[in-house]
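Biologist: I am new to this structure and would like to learn how to read its features one at a time. Please give me the general idea before each case.

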Amino acid sequence: MSFLTLSNIQKSFGPTQVVKDFDMAIEKGEFVSFLGPSGCGKTTVLRMIAGFETPSGGTITIEDRSLADLKPNQRNIGMVFQAYALFPNMTVAENVAFGLKVAGKPKAEIDARVKEMLGLIKLDHLAGRYPYQMSGGQQQRVALARALAPKPQVLLLDEPLSALDAKIRVSLREEIRQIQQQLGITTVFVTHDQEEALSISDRIVVMNAGRADQIGTPADIYNRPATRFVAGFVGTLNLIKATVVDPAAHRVSIGDQGVTLREALDDAKPGDAISLALRPEAGSIAPDARGDTALVGTVTSSNFLGSVIRTRMDVGGSSISFDMFNSPGLTPPAAGETVTLRFTASDLLIIRD
Amino acid sequence: MKSSRLFAWIALAIGATYFLVPLIGTFEFSLRMRRGEYSFDAYQSVFSDMQFRATFGYSMLMGLLTIVFGMLLVVPTAYWVRLRLPQIRPLIEFLTLLPLVIPAIVIVFGYLRLYNSSSFLPLTNSTNGTNLLLMFSYMTLSLPYMYRAVDTAMRSIDVATLTEAAESLGAKWPTILFRCIFPNVMSGVLSGAFITFAIVMGEFTMAALLNRPAFGPYLQFVGANKAYEPSALAIIAFAITWLSMGLLQIVSRFQKTAPVKA
């Protein structure tokens, strides 16, 4: 039995439908990320779980109990906001204690819990500070402690790292994941940053235009994108135009070169145009490797990206990028050079719209 | 650069002279009650006047009540307008500006027509009723300043997100309003409160036409019948206003909130 279930959720603002047929079952203790571009409806779904928006249709349940009749302050769901939302008139300790005071807990219990939470986020020494005396990263950690203090059944994180600088973002996302695993709390995390979602989630929901395009583990989402949108949104991807040659033998042609796919070409006929996807890191240059899983092309550019060098080549009108790990002795291919790109049959994916 | 600084100093000097010379003149005149020498006799006369004490105390009380009830009206209104009804904000701003446009005498005649002894709500039938009506009049007069001060303070905090954060922690409306929002708009509330206090202490029309023993009518009475005391009273009134403004500065300096984010 799932812990948090969203069934056929719909949400419209006036004539605009922002969430369509959204279904999701989240297990207890799971860390699920909603990933998608701005305006895809991910925050709206989160706000419906929190109770700040009312679904136009569908049901949200926690352990089979509907949340429909519960106000946000009755749901026992903790939330961390992008803008921290700490109470400026309260110290760190008072902010963390707020939910416990509202719940009418005894003072001794509140003090102990505040101490425990501040220890968890390693900010016990800043208990007496006001929010304006702290950095953004510290404020967001306090916001996390405040949300966790009343022991909520679900934790919602609405782009909590977006307002922070890159270094703090990485360290804080690791800290969030560590705390989540330590407490075993069911967590829904909203982000538009694919790296964030891939690095800390048990499962990812990739959302597009109000729908869940794909739900899966980070590896599933990255390695086996279900739609063209997911393929394009998560990671860098080469989209290659190909023509079906022999469906039974999984043979297609890219320009004038033939390749064999691992996936079956369901219902395709010879001459049909299809789209294939290849990750830049999947290919490597190999001398004289013509065959079923290699493509010969002309290098158009090489870009130094630090740890990798990304080279772009032209294959029968399609532009394909591939990455090489940087090393002191590496000489990237020069523009105009003819190279052979080798990959395995399973790296080349058929992309469906 | 140098000449522009010079012009700035000249402008400042002219402005200061325009305000300070009459004030110094008034102060100097208030000290001349005793023939041939300066003294504080006029101030002594004012402070020992029972009517001064009674009217000053009455207006102080009315000022405090106006502030309390004004805040109870304005803070929740500004909060709800910001949170749930931003589309009616222009209307509320227009309504709160009306007391600046409509003369006080028109407002008070309106009140007298509406709340006289033969009306459906005869507030002027009793002293307490009239006091209540006077307090409501003061609330109306201070509305443009009070609403703007509170609304500006609310603009500096993210009212919607703070409300949602408090709600997600289990708080109900009174807790959200009085523990999460109210303390964070305190600078605005206090600004409005001090301006309200200054308005109430000097207001004449409403109190005179409602026949209440306020400080404004007393100022007018003394001004019409005595020589040196009106000058002393003018200086006292200035001192009260300045004290209010000084307190306002101190309070806004010691606010515990972060500087407003752009």
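Biologist: How does B:R82 count by its relative accessibility?

Modeller: The general scheme uses relative accessible area, found with a 1.4 Å probe on the protein chains only: under 20% is buried, over 50% is exposed, and anything in between is partly exposed. B:R82 has a relative accessibility of 24%, and therefore counts as partly exposed. Please keep in mind that this is a predicted model, in which local features need a pLDDT of at least 70 and side-chain atom pairs count only at pLDDT 80 or more, while totals for chains, interfaces and linings use all residues. Residues are numbered from 1 along each chain as its sequence is written, chains are lettered from A and ligands numbered from 1 in the order in which they are written, and side-chain values use heavy atoms, with hydrogens and water left out.

Biologist: Which side chain does B:R82 meet in a salt bridge?

Modeller: A salt bridge here is a side-chain nitrogen of Lys or Arg within 4 Å of a carboxyl oxygen of Asp or Glu. In this case B:R82 pairs with B:D151, at 3.3 Å from N to O. To place the two, one needs the helices and strands, which are DSSP runs numbered from the N terminus (H or I with at least four residues for a helix, E with at least two for a strand). B:D151 belongs to helix α6 (residues 127–155) of chain B and B:R82 to helix α3 (residues 50–83) of that chain, so their bridge ties together parts 69 residues apart in sequence. B:D151 has a relative accessible area of 2% and is therefore buried. The pair is also part of one network, in which salt bridges that share partners join B:R82, B:R89, B:E93, B:D151 and B:R155.

Biologist: How many salt bridges are there over all chains?

Modeller: The count over all chains comes to 20. One of them joins A:E195 to A:R173, with 3.1 Å between N and O. Since A:E195 sits in helix α6 (residues 194–200) of chain A and A:R173 in helix α5 (residues 166–183) of chain A, this pair ties together parts 22 residues apart in sequence. Its two partners are placed as follows: A:E195 is partly exposed at 47% relative accessibility, whereas A:R173 is buried at 9%.

Biologist: Where do A:D111 and A:K107 lie?

Modeller: Both are found in helix α3 (residues 107–120) of chain A, four residues apart, which is about one turn of the helix. They too form a salt bridge, with their closest N and O atoms 2.8 Å apart. A:D111 is partly exposed, with a relative accessible area of 40%, while A:K107 is exposed at 61%.

Biologist: Now to the interior. Which residues have the most contacts inside the largest nonpolar core?

Modeller: A nonpolar core is a set of buried Ala, Val, Leu, Ile, Met, Phe, Trp, Tyr and Cys residues joined through side-chain atoms within 4.5 Å. The largest one has 82 residues, and A:L4 and A:F22 have the most contacts inside it. Its largest share, 10 residues, comes from α3(B). If contact is taken as heavy atoms within 4.5 Å, and residues up to four places away in sequence are not counted, A:F22 touches a set of residues including A:L6, A:F34, A:V45, A:V205 and A:M207. A second, separate core of 34 residues includes A:F31, A:V96, A:L120 and A:L144.

Biologist: Which residues line the largest cavity?

Modeller: On a 1 Å grid over the protein atoms alone, a cavity is a set of points where a 1.4 Å probe fits but cannot get out, and lining residues have an atom within 4 Å of a point. The largest cavity is lined by A:V80, A:Q140, A:R141, A:L144, A:P160, A:L172 and A:I176, and about 30 Å³ of space lies in it. Helices α4 (136–148) and α5 of chain A each supply at least two lining residues, and α4(A) gives the most, with three.

Biologist: How many helices and strands are there in chain A as a whole?

Modeller: Chain A has eight helices and 20 strands, and buried residues make up 52% of its 353 residues. Its C-alpha trace spans about 75 × 50 × 35 Å along the principal axes.

Methods: 1 Å grid on protein atoms, 1.4 Å probe; cavity = no way out; pocket = protein on both sides within 12 Å on 5 of 7 lines; lining within 4 Å. Points joined across faces, edges and corners; volume = space filled by probe spheres on them.
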